[in-house]
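Hi,

Here is the structure I promised to pass on to you. Please have it open while you read, as my notes follow straight after.

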Amino acid sequence: MRGEYKVPGGKLVAVDLEVQNDRLVDVSVSGDFFLEPEEALLDVNAALTGLSVDASVDQLTSSITGAVGPETAFIGFTPEAVGIAVRRALGKATGWHDHTFDVIGPVTMDPAMHVALDEIIGREVADGTRPPTFRIWDWDSPLVVIGSFQSYVNEIDAEGAAKHGIDVVRRVSGGGAMFMEPGNCITYSLVVPGSLVEGLSFERSYSFLDDWVIEALAEVGVNARFVPLNDIASDAGKIGGAAQRRFAGGSVLHHVTMAYDIDADKMTEVLRIGREKMSDKGTRSANKRVDPMRSQTGLTREAILDSFLETFRRRYATRDSEYTEAELSEAKRLVDEKFSTREWTHRVP
């Protein structure tokens, strides 16, 4: 059996092994990483030999760290990365290339529908009725989407929202507010089976699922990097943030919003926290705009979306897809019965 794991921003780890009587045998770790002293590789292999096939990543990691000396340096990888590769070899965890992803390009609709579709597709991927799915949002009206655990009154200036005719919807994932007007942001959702991030800490799962978009940003001229816990930054500062939700059925929703060209004045009249953040950054201009994606790339939003789709399709096995009538109907029902209700929106006062 063989399993591989590419550390985000690091090196490839491969593990070859056999199984006898539900125990790991003939374990051999390899890769393009660096390890000092080099003899420590024998200790890593020995630490894994004899462990149960049901050992978790934490247990595998603990066995490795307990077997090597304090002077051992793992460079470009970690004991945890080895554990993940072991789990993949055993079929307990999967890699990107074990899946074919449905890809749904931008479809313009009420932004609240996209919030509902996150929940619906999350359930479908969990129960196996839809494969892992990558989809890009597009919307035809303004909306503030707040995180699942944010306080409504602390986040939203009700007078500012009413003045600009901007509604508020609470999503199913955590994280901060998304100030969305037509064309001002780039937002996508990626829903994957839990096996793809099996063994990863929450922090590592963010960087792992964002790894492809760092390449996509480079393709449009943005030198970007992942900043824990959930931010994506460029040389000119933060350009976006991610949020996740792990569904009980086993799927993981990971979505990202990047600022393309945001009216900062309007945003700070609607978002209280946004007002404080802009103040902290020393923003005073009456016509200040937050436009890192537009100014850094010089590209239209549509061109950036096309490039993102091209990068994703090039890196992974994909098939073009679309929303089903049943999904859109269920999304409309969820908007009416859940996401547009005061009980849900003000769930955290």
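In this predicted model, Arg2 and Asp16 form a salt bridge, with 2.7 Å between the closest N and O atoms. The pair links distant parts of the chain, since Arg2 sits in strand E1 (residues 2-6) and Asp16, 14 residues apart from it, in strand E2 (residues 12-20). Both ends are partly exposed: Arg2 has a relative accessibility of 44%, and Asp16 has 28%.

The two strands that carry this salt bridge are worth a look too. E1 and E2 run antiparallel and are joined by five bridges, with Gly3 opposite Val15 of E2. The hairpin they make has five residues between the strands, and Gly9 there takes a positive phi near 75 degrees. Side chains alternate along E1: Gly3 and Tyr5 point to one face and are buried, whereas Arg2, Glu4 and Lys6 point to the other and are not.

Now for the other charged pairs. The structure has 29 salt bridges. One of them joins Glu198 to Arg87, with the closest N and O atoms 2.9 Å apart. Glu198 is in the loop between strand E11 (185-193) and helix H7 (202-219), while Arg87 belongs to helix H3 (residues 79-89), so this salt bridge ties together parts that are 111 residues apart in sequence. Arg87 counts as buried because its relative accessibility is 10%, and the cut-off is under 20%.

Arg294 and Asp291 make another salt bridge, at 2.7 Å between the closest N and O atoms. Here the two partners fall into separate classes: Arg294 is partly exposed at 34% relative accessibility, and Asp291 is buried at 16%. There is also a network of salt bridges that links Glu119, Arg123, Glu330, Arg333, Glu337 and Lys338.

Which side chain of opposite charge is nearest to Arg171, a buried residue with no salt bridge? It is Asp118, and the distance is 6.8 Å. A salt bridge needs the nitrogen and the carboxyl oxygen within 4 Å, so this pair does not qualify. Arg171 lies in the loop between strand E9 (167-170) and strand E10 (178-180). Its side chain reaches the backbone oxygen of Val145 at 3.2 Å and makes a polar contact with the side chain of Ser173 at 2.9 Å. Leaving aside residues up to four places away in sequence, Arg171 touches several others, including Val115, Ile146, Met178, His255 and Trp344.

Finally, the sheet. Eight strands form an open sheet of mixed pairing, in the order E12-E13-E14-E15-E11-E7-E6-E18. Strand E12 (224-227) and strand E18 (317-320) are at the edges with a single partner strand each, so one side of each has no neighbour in the sheet. From one strand to the next, the twist averages 25 degrees. At the E12 edge, the pairing with strand E13 (residues 231-234) is antiparallel over four bridges, and Val227 has Asp231 of E13 as its bridge partner. Helix H4 (residues 111-127) packs on the sheet and touches strand E6 (100-109), strand E7 (133-139), E11 and strand E15 (251-259). The direction of H4 makes about 170 degrees with that of E7.

Happy to go through any of this with you.

Best wishes

Methods. Residues numbered from 1 in each chain as written. Predicted model: local features only at pLDDT ≥ 70, side-chain atom pairs only at ≥ 80, totals over all residues. Heavy atoms only, no water. Helix = DSSP H or I, 4+ residues; strand = E, 2+ residues; numbered from the N terminus. Buried < 20%, exposed > 50% of the residue type's maximum accessible area, 1.4 Å probe, protein only. Lys, Arg positive; Asp, Glu negative; His and termini not counted. Polar contact = N/O pair within 3.5 Å; in protein donor to acceptor, adjacent residues only side chain to side chain. Contact = heavy atoms within 4.5 Å. Pairing = 2+ DSSP bridges. Axes fitted to C-alpha atoms, helices over the stretch in contact; angles between N-to-C directions.
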